[in-house]
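Okay, thanks for making room for me today. I'll put the structure up and then talk through the parts I'd like you to look at.

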Amino acid sequence: TYSWADSNGNEVATTQNLLGVGAGTYILTVSCDGEEVCTVSETISNFPDLTITETITNAGCGTGSISVNVSGGSGDYSYNWDPAQADAPTISGLDAGNYGLTVTDNVRGCTKTASFEVLNEVSDLEITSSVVVDESCEMGNGRISITVSGGCQPYTFTWSDDATANTPMRDGLVAGNYGVTVTDDSDPELMVTGSYTVEGTE
């Protein structure tokens, strides 16, 4: 038979395993046919409650991240993210949105939950520079080149004279007016437009 007693000598359990008791020192007495076989003293520590602190990097083109620091408990934790992510305190490559976390103390079995929001922070899409080379001698040798920054790559270029010309640089152009619409890969997508004139020279 088993008899657990607290530090005051009060019996608290008669089972092999001692469950549901607070921190303190407990003495187990094992008897067989009324004869005491052995006594064992065990101390149960009172771990502090779990706490979670976080560092969030907001999303810009799927680059958001959440890193948590867990304290308290036994120090042996598992991490259950929603939506599902790696069992780890840091997750990265995140899109903007809401994320939930349940931390489990693998020794004590207790849990702590938290929720986080990753914001969408994408810089403005801009055409930062352009170069226009005029057509000479009616040879169809005009050129337009633009430079784009911001938003999320890859960029899509749609030109007014040729919707299949998905490129920031056009050559072999004749004199005329040209428009371009640039869209990015963010959600919702960003858009910027530009207009250019290729002159004809002798």
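Let's start with the surface: the accessible area of the protein chain is about 12100 Å², and carbon and sulfur atoms account for 44% of that. Keep in mind that this is a predicted model. On charge, there are 29 negative side chains and 4 positive ones. The centres of those two sets sit 6 Å apart.

Now the fold. How many helices and strands are there in the protein chain? Zero helices, and 18 strands. The radius of gyration is 34 Å, and the globule rule gives 17 Å for 202 residues, so this chain is more spread out than a compact globule. You can see that in the C-alpha trace too, which spans about 120 × 25 × 20 Å along its principal axes. Of the 202 residues, 31% are buried. And if you take contacts between residues at least 6 apart in sequence, 46% of them join residues at least 24 apart.

Okay, some individual residues. First up is L94, in strand β8, which covers residues 90-94. Buried or exposed, what would you say for L94? Its relative accessible area is 2%, and the cut-off for buried is under 20%, so L94 counts as buried. Leaving out residues up to four places away in sequence, L94 touches a whole list, including A59, I66, Y99 and V118. For V118, the C-alpha atom is 7.9 Å from that of L94, with the two positions 24 residues apart along the chain.

Next, D105, in strand β9, residues 97-105. Here we have an acidic side chain with a relative accessible area of 0%, so D105 is buried. What does that side chain reach? One partner is the side chain of S74, in a polar contact of 2.6 Å. Another is the backbone nitrogen of V107, at 2.9 Å. Among the residues that D105 touches further off in sequence are L50, Y77 and C110.

Then there's D184, which sits in a loop between β16 and β17. At 6% relative accessible area, D184 is buried as well. Its side chain has a polar atom 2.9 Å from the backbone nitrogen of C152, and it makes a 2.8 Å polar contact with the side chain of S186. D184 also touches P154 and Y155, among others. For T164, by contrast, the C-alpha atom is 16 Å from that of D184, and those two are 20 residues apart along the chain.

P154 is a handy link to backbone geometry. Which peptide bond is cis there? The one from Q153 to P154, with omega near 5°, and P154 is in the loop between β13 and β14. There's another cis bond joining D82 and P83, with omega about 0°. P83 is in the loop between β7 and β8.

Last stop is the loop between β12 and β13, where C137 lies. Phi of C137 is near 55°, so we have a positive value in a residue that isn't glycine. E138 is in that loop, and phi of E138 is near 50°, again positive and again not glycine. E138 has 75% relative accessibility, so this one counts as exposed.

That's my tour, so let's go to discussion.

Terms used. Residues numbered from 1 in each chain as written. Predicted model: local features only at pLDDT ≥ 70, side-chain atom pairs only at ≥ 80, totals over all residues. Heavy atoms only, no water. Helix = DSSP H or I, 4+ residues; strand = E, 2+ residues; numbered from the N terminus. Rg over C-alpha atoms; globule rule 2.2 N^0.38 Å. Buried < 20%, exposed > 50% of the residue type's maximum accessible area, 1.4 Å probe, protein only. Contact = heavy atoms within 4.5 Å. Areas by Shrake-Rupley, 256 points an atom, 1.4 Å probe, with all protein chains shown as cover. Lys, Arg positive; Asp, Glu negative; His and termini not counted. Charge placed at Lys NZ, Arg CZ, Asp CG, Glu CD. Polar contact = N/O pair within 3.5 Å; in protein donor to acceptor, adjacent residues only side chain to side chain.
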